[in-house]
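Reader: I would like a close look at a single part of this protein, namely its open sheet and whatever packs on it. Please describe that part carefully and in connected form.

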Amino acid sequence: MSSETDTKAMNDMTEAPVGSEGGIRRVAPEVPFTDVMNGDSRWEIPVHDHGFVALVDSMPRLVPEGQTADSAIVQAARVSYGAGTKKVNEDRGLIRYLLRHRHTTPLEMVEFKFHIAMPIFVARQWIRHRTANVNEYSARYSIMPDRFYRPSIENVRKQSTSNRQGGDEPIEVGTAEEFLKLLEDSEALYTRYLDLTEKGVAREIARAALPVSVFTEWYWKCDLHNILHFLSLRMDKHAQIEIRDYANAMYDLIKGIVPITCEAFEDYRLNAMHLTSLEIEAIRKGQPLDSTNKREIAEWEAKRADLGLD
Ligand SMILES: Cc1cc2nc3c(=O)[nH]c(=O)nc-3n(C[C@H](O)[C@H](O)[C@H](O)COP(=O)(O)OP(=O)(O)OC[C@H]3O[C@@H](n4cnc5c(N)ncnc54)[C@H](O)[C@@H]3O)c2cc1C
């Protein structure tokens, strides 16, 4: 921001209607504020049979009428004061610049708080994202509710031979049914868990008998920069489909609140591609990748296919 605009911002500040109370100078907004969640207490998307992602709060929650929560990013980036000093298209350009150049701290000015219910095996992947504030349901204090994750039969996947971590294709029906029966049997442990807690076994130790398909819940608060990092990893096709379902629901909840940032996120992160120097060299020279590493070559082939270079 130029020193000229700086001075204007300062003047605007002193000219704005001012009240004074207990030494606090109160400045009225230039335009009325509007609630980014339309006055609702919660926006919830069901995931799987018993899960959900619910947006329960947003910072900013109130934004100048006609604007979105993207405005908090622009405000921080310009370290400006007040609303509406720039046109919307200039704000969009600034946010897109920030994302392209990984100037990320202004994105940390926006935060979202979620209430989430998910199976424990999903929670274990999720908790690896260390920058969020988390408060989880305590199975020491409380009985775990009788809720278990069961995939649909098409979603009982066959172990991939190329990717040790995954499986995309459904396994044949007979084996899938056998697996679903195993899950049913493990869920039957729940009644014994309940019985034994009623006989006095401490909840903290009794829970050890429950499978990782049982649901847990937490409140999860995170800033937008780290949410986008989480989403870029967990909406990606390499993430396990179950956590991807939750990540997609989370994205659907925030997209309308920070639409300009999400558009830039899709353009520069989610649907973008990182090229290694070997890959750039291969394109430049029109030659195969200068590597003997099978996995690296396979990754390059996948990128070539995405780029339509085959
Ligand atoms: C497809 C996939 C497969 C995976 N497979 C495995 C696996 O097999 N085994 C396994 O253990 N994990 C696995 N993970 C988890 C992965 O290694 C990361 O722990 C997880 O994705 C969180 O990423 P992060 O650390 O970048 O995120 P966050 O914890 O949210 O951190 C965000 C960023 O903050 C910074 N940061 C946070 N904490 C620190 C710190 N202590 N020191 C320095 N910088 C920090 C880093 O820049 C980091 O990128 C997998 C993840 C994915 C997406």
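Author: What follows is a description of the open sheet, the helices that lie on it, the nonpolar core and the residues around the ligand. The model is predicted, and the protein in it has 12 helices and nine strands. Five of these strands form an open sheet in the order β4-β5-β7-β9-β8, paired in antiparallel fashion, with β4 (43-47) and β8 (133-136) as the edge strands, each of which pairs on one side only. On average, and with direction ignored, neighbouring strands of this sheet are turned by 20° against each other. At the β8 edge, four bridges join that strand to β9 (residues 215-223), the two running antiparallel, and Asn-133 stands opposite Lys-221 in β9.

Two helices can be placed against these strands. Helix α8 (residues 224-234) lies across β7 (111-119) and β9, running at about 130° to β9, while α9 packs on the sheet and touches β4, β5 (51-59) and β7, its direction making about 160° with that of β4.

As for the largest nonpolar core, it has 48 residues, and Leu-231, Tyr-246, Met-250 and Val-258 are those with the most contacts inside it; helix α9 (residues 241-255) gives the most to this core, with seven residues. Leaving aside its neighbours within four places in sequence, Leu-231 is in contact with Ala-247, Met-250 and Tyr-251.

Finally, the residues around the ligand include Arg-128, His-129, Arg-130, Asn-226, His-229, Leu-233 and His-238, and by class this shell has two nonpolar, five polar and two charged residues.

Technical notes: Residues numbered from 1 in each chain as written. Predicted model: local features only at pLDDT ≥ 70, side-chain atom pairs only at ≥ 80, totals over all residues. Core = buried A, V, L, I, M, F, W, Y, C linked by C-beta atoms within 7 Å. Buried ≥ 20, exposed ≤ 12 C-beta atoms within 10 Å, placed from the backbone. Contact = placed C-beta atoms within 7 Å. Near = placed C-beta within 6 Å. Nonpolar A, V, L, I, M, F, W, Y, C, P; charged D, E, K, R; others polar. Pairing = 2+ DSSP bridges. Axes fitted to C-alpha atoms, helices over the stretch in contact; angles between N-to-C directions.
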